[in-house]
Amino acid sequence: MAAISVSSLTKDYGDLRANDSLSFEVESGEVFGYLGPNGAGKTTTIRTLLGLIRPTDGTAEVLGADVRDEAALVEAKRRIGYLPANPAFDEGVTGRELLDLHGAVKGADRLEPLLDRFAPPLTRPIRQLSTGEVQKLGLVQAFMHDPDLVIMDEPTSGLDPLMQRSFNEFIAAEQERGTTVFMSSHVLGEVRRVCDRVAVLRAGRLVTIEAVENLLRRSGKTVRLRAAEPIDPAALEFDGVHDAEVHAVDHDGEADEGGFVFGGEARIVSEATLTYTGDINRLLDVVAAYDLVDLEVEEAPLEDVFMRFYGGRHDA
Amino acid sequence: MLELFQYGARHRVRGSVAMAVGVALLAGIVLWIYPSMQASVNLDQLMAAYPEPVLKAFGVETLSTLAGFLSVELYSFAWVILFGLYTAYAAASMVADAVEDGRMDLWLSLPIRRRRLLTEQYLTLLVPILVVNAVTPVVIYAGAALVNEPISTRNLVMVHVLSVPYLLATAAIGLVFGVVFTRSALAERLALALVFALFLIQSLLTGTDYAWAGLVSPTHYYDVTAILVHGEYDYTAAVILLVTAAVLVAVAAAIFSRRDVG
């Protein structure tokens, strides 16, 4: 059974169609990324899944419960964890009091290991906590009752890099336990490390749903070559090459700014960058004709893939 | 059950105690000035100097007994108006603030139905209501003995007991505003405005041909002067207030269960 099943989900705010006839399923045990820029409608979907807002049309089921049926949804929530984008707790209470309340209502089977792992502050009032500390409390409350499904809105915002890595490991471990995770993000880097599949949302509509690997494959490689001779832009016009840019390197300018030029750098007279989705051998054949100083081939950042979905505009 | 009530109630204790201390101070001042006022001024003459509508508005009948003095100087103002406004405001902000600053999201992520959440939150207002109503009569009783002015203990207790249904009703009015309006500042102000307007309608229309309009006001069902000065306890009125409060809470819960949060 699908952990989340969204069918023709529409939320119309009159002047804004925040979700426009969305349909997709999240399989049980899957880590699913819900991507899109700010304002794409990610939070609207999440709030609908939690029953905070009612769909204008269509519906969704979480763990088999229709989100429009409060009684069924409340029952399902015993097995659902939720982490909002900016979790807000009563300012005057301590972390301990807060977790006690959540434990009393929904259970605290896994509280201790989670406290060991995230070490949220428990004795200080919440108003004294930093964003990262509040986020830790948010994570603990979302997982403390050992839920089958966890829904998180921008979960790694507010975490420092070390915590982000810890978070990624944690999600991987959760998946091992069989937990289904649905998380939104506008930062693609964090999604590709933990998600199996992603849905991309743009202006309330679903652009694509696919496995992260496919997305990466489709997105191709970012290639940067620097040569000791001029590169002919026409030579880079073949199938699989996108957004090629060639420009001459002016060492006088560099030397003026940096004061000196490193070893091989001095030989560079031309530099080209492109995105490549074709056969790598073909590319190598072409570039082998040049006297290269440097060649970098790396996975295209998912931001670039995003740009393609949005026709080059992030705010589309 | 009642986890949210316990949690919410605990966090109202400190504020309620502070409020009780403040009200006790106010009661102390009223008790302190009464003997010297009474000794040096003919209070009923002073009373006669007030315009008739004002006397009606505050249910002033006599100032020459401690009960009459207290009902005007303390209860009509601090209980009927201030405490009534406070509970309406607190109930309105309880929901509206939590929705506005996002705390409601996490409350609603709990496996709890919205009507239960709302009812338990509403009931936490019993903490300030009960704490203040428990502390004040003790202070008045002790103070009255101290200044050697007789006051009926029974009437004193009843003026506090019968204020509870009144305050639950004003809180329920605030609760409805809190679930209807999405901006908390608006919900709070409108709740305050309505409760105050109801007080004015009832008090200013008393004795006119339009007195019936005052029947919609909770203040009509809680008459401090009748209780303190005459020892008349209107239990029917108290029941009307409780039923009204229950109906308003049910209405608020129905609205809240259907509306979008955020």
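**Exercise 1. How many residues does the contact take from chain B and from chain A?**

*Solution.* Keep in mind as you work that this is a predicted model.

Step 1. Count each side: chain B gives 24 residues to the contact and chain A gives 27 residues.

Step 2. Put an area on it. The size of an interface is often given as the accessible area lost when the parts come together. Here chain B and chain A bury about 2400 Å² between them, with 57% of that area on carbon and sulfur atoms.

Step 3. Look for the main contributors in chain B. B:Tyr7, B:Leu106 and B:Pro111 lose the most area to chain A, and together they make up 28% of what that side buries.

**Exercise 2. Work out the charged and polar pairs between the chains, then trace where the chain B side comes from.**

*Solution.* Step 1. Start with the salt bridges: four are found across the interface of chain B and chain A.

Step 2. Zoom in on one pair. B:Arg113 forms a salt bridge with A:Glu70, and their closest N and O atoms are 3.1 Å apart. That distance is within the 4 Å cut-off for a salt bridge.

Step 3. Widen the search to polar contacts, which gives 13 residue pairs between chain B and chain A.

Step 4. Now map the side of chain B that touches chain A. Helix 1 (3-40), helix 5 (103-109) and helix 12 (235-258) of chain B each supply at least two of its residues. Helix 5 of chain B gives the largest share, six residues.

Step 5. Sort this side of chain B by class: nine residues are nonpolar, five polar and ten charged.

**Exercise 3. Describe how helix 4 and helix 6 of chain A meet.**

*Solution.* Step 1. Two packed helices are described by the angle between their axes and the distance between the axes.

Step 2. For helix 4 (residues 111-118) and helix 6 (residues 161-176) of chain A, the axes come within 11 Å and cross at roughly 150°.

Step 3. Find the residues. Helix 4 of chain A brings A:Leu114, A:Arg117 and A:Phe118, while helix 6 of chain A brings A:Met163, A:Ser166, A:Glu169 and A:Phe170.

Step 4. Class them: four are nonpolar, one is polar and two are charged.

**Exercise 4. In what order do the six strands of the open sheet in chain A lie, and why do strand 6 and strand 10 each have one side without a neighbour?**

*Solution.* Step 1. The order in chain A is 6-7-8-3-9-10, with mixed pairing.

Step 2. Strand 6 (80-83) and strand 10 (205-211) of chain A stand at the edges with a single partner strand each, so one side of each has no neighbour in the sheet.

Step 3. The twist averages 15° from one strand to the next.

Step 4. Check one pairing. Strand 7 (residues 149-153) and strand 8 (residues 180-185) of chain A run parallel and are joined by five bridges. A:Asp153 has A:Ser184, in strand 8 of chain A, as its bridge partner.

Notes. Residues numbered from 1 in each chain as written. Chains lettered and ligands numbered in written order. Predicted model: local features only at pLDDT ≥ 70, side-chain atom pairs only at ≥ 80, totals over all residues. Heavy atoms only, no water. Axes fitted to C-alpha atoms, helices over the stretch in contact; angles between N-to-C directions. Helix = DSSP H or I, 4+ residues; strand = E, 2+ residues; numbered from the N terminus. Contact = heavy atoms within 4.5 Å. Nonpolar A, V, L, I, M, F, W, Y, C, P; charged D, E, K, R; others polar. Buried area = accessible area lost by both parts, 1.4 Å probe. Salt bridge = Lys/Arg side-chain N within 4 Å of Asp/Glu carboxyl O. Polar contact = N/O pair within 3.5 Å; in protein donor to acceptor, adjacent residues only side chain to side chain. Pairing = 2+ DSSP bridges.
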